Amino acid sequence: MSDTYYMSRAILRRDAATSVLVGLMAGETRNPVWASHRLVWALFANNGHKRDFLYREEAGGVFYILSARPPNDSHALFDLETKPFAPVLQAGDRLGFSLRVNPTIDRRQPSGRSLRSDVIMDAKHRAREAGTLDDVDMHDIIETAGRDWLMARASKAGVEPVEGSLKMDGYRQVRLPRGGEGRRADPMQFSTLDMSGVLEISEPDRFLERLRAGFGRARAFGCGLMLIRRG
């Protein structure tokens, strides 16, 4: 894999051919997460590559994409801007960040098996077990669980969140039919949480490695891309 990465902004064109969109999404139009997944994958669906990109969708059909190769808009669906992504970072630098993530935690069960859970639902379950759920605001649960999830992973990613800067927002649960709309298999379920704040870089190379790989799970469905800015 090349060391060169690319950051793109892709805006879905209002005049994109309807026949092409219908063919690409193949019945996914009633599920916006699946539809977005198909649209972004169409930019990289060549040469048999595995997924080597992360993306985040914003309102108005805007997608931010970090990829190991330039996207190829062969269907002329997007207004596309692409540039090399090679930030020069030093220890001690501070960056503002925005991250949409699928935060999970693995809990060992009495049977010895490990069960993966959404960190927000896990925190809510533990508050219920402790008898404190009625005394805790759901917003506080989201803030605390999200912050703890990020803090537990930050040092391994070569960064430290700046105290008091972190904000958690936009928590939601997503249900996706496996394999596409209308399939009978049990749906895929995951949660997303939007995080923002300021990070201080401690290990630039390690941070860039994690940034390119993505954070958390559900990276094929618009999670894991950390957008960064200076100042």
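**View 1. Asp137 sits at the start of helix 4.** In this predicted model, a side-chain oxygen of Asp137 comes to within 2.8 Å of the backbone nitrogen of His139. This pair marks the start of helix 4.

**View 2. Helix 4 has the span expected for its number of residues.** Helix 4 covers residues 138-154, which makes 17 residues. At 1.5 Å a residue, these should span 24 Å. The end C-alpha atoms are 24 Å apart, so the expected span and the model agree.

**View 3. Helix 4 has a buried set of residues.** Which residues of helix 4 are buried? They are Ile141, Ile142, Glu143, Ala145, Gly146, Trp149, Leu150 and Ala154. Several elements help to cover them. Among these are strand 5 (94-101), strand 6 (104-108) and helix 3 (119-129). Strand 8 (159-161), strand 9 (167-176) and strand 10 also belong to the cover.

**View 4. Leu199 lies in strand 10.** Strand 10 runs over residues 188-201, and Leu199 is part of it. Is Leu199 buried or exposed? Its relative accessibility is 1%, so Leu199 counts as buried. Beyond its neighbours within four places in sequence, Leu199 is in contact with ten residues that can be picked out here: Asp93, Arg94, Leu95, Phe97, Val159, Glu160, Pro161, Val162, Phe207 and Met226. Take Glu160 as one of them. Glu160 and Leu199 are 39 residues apart along the chain, yet their C-alpha atoms are separated by 5.6 Å.

**View 5. Four strands form an open sheet.** The strand order is 2-3-1-4, and the pairing is antiparallel. Strand 2 (53-58) and strand 4 (78-85) are the edge strands, each pairing on one side only. From one strand to the next, the twist averages 15°.

**View 6. Strand 1 pairs with strand 4.** Strand 1 covers residues 5-12. Eight bridges join strand 1 to strand 4 in the antiparallel sense. Look for Met7: opposite it, in strand 4, stands Lys83.

**View 7. Two helices pack on the sheet.** Helix 2 (residues 32-41) touches strand 1, strand 2, strand 3 (62-67) and strand 4. The direction of helix 2 makes about 130° with that of strand 2. Helix 5 (residues 204-213) also packs on the sheet, touching strand 1, strand 2, strand 3 and strand 4. For helix 5, the angle with the direction of strand 2 is about 70°.

**View 8. Confidence varies along the protein.** The mean pLDDT is 86, and 87% of the residues reach 70 or more. Where is confidence lowest, and where is it highest? Helix 1 (residues 18-25) is lowest, at a mean of 53. Strand 5 is highest, at 98.

Terms used
Residues numbered from 1 in each chain as written. Predicted model: local features only at pLDDT ≥ 70, side-chain atom pairs only at ≥ 80, totals over all residues. Heavy atoms only, no water. Buried < 20%, exposed > 50% of the residue type's maximum accessible area, 1.4 Å probe, protein only. Contact = heavy atoms within 4.5 Å. Expected span 1.5 Å × (residues − 1). Polar contact = N/O pair within 3.5 Å; in protein donor to acceptor, adjacent residues only side chain to side chain. Pairing = 2+ DSSP bridges. Axes fitted to C-alpha atoms, helices over the stretch in contact; angles between N-to-C directions. pLDDT = per-residue confidence, 0-100.
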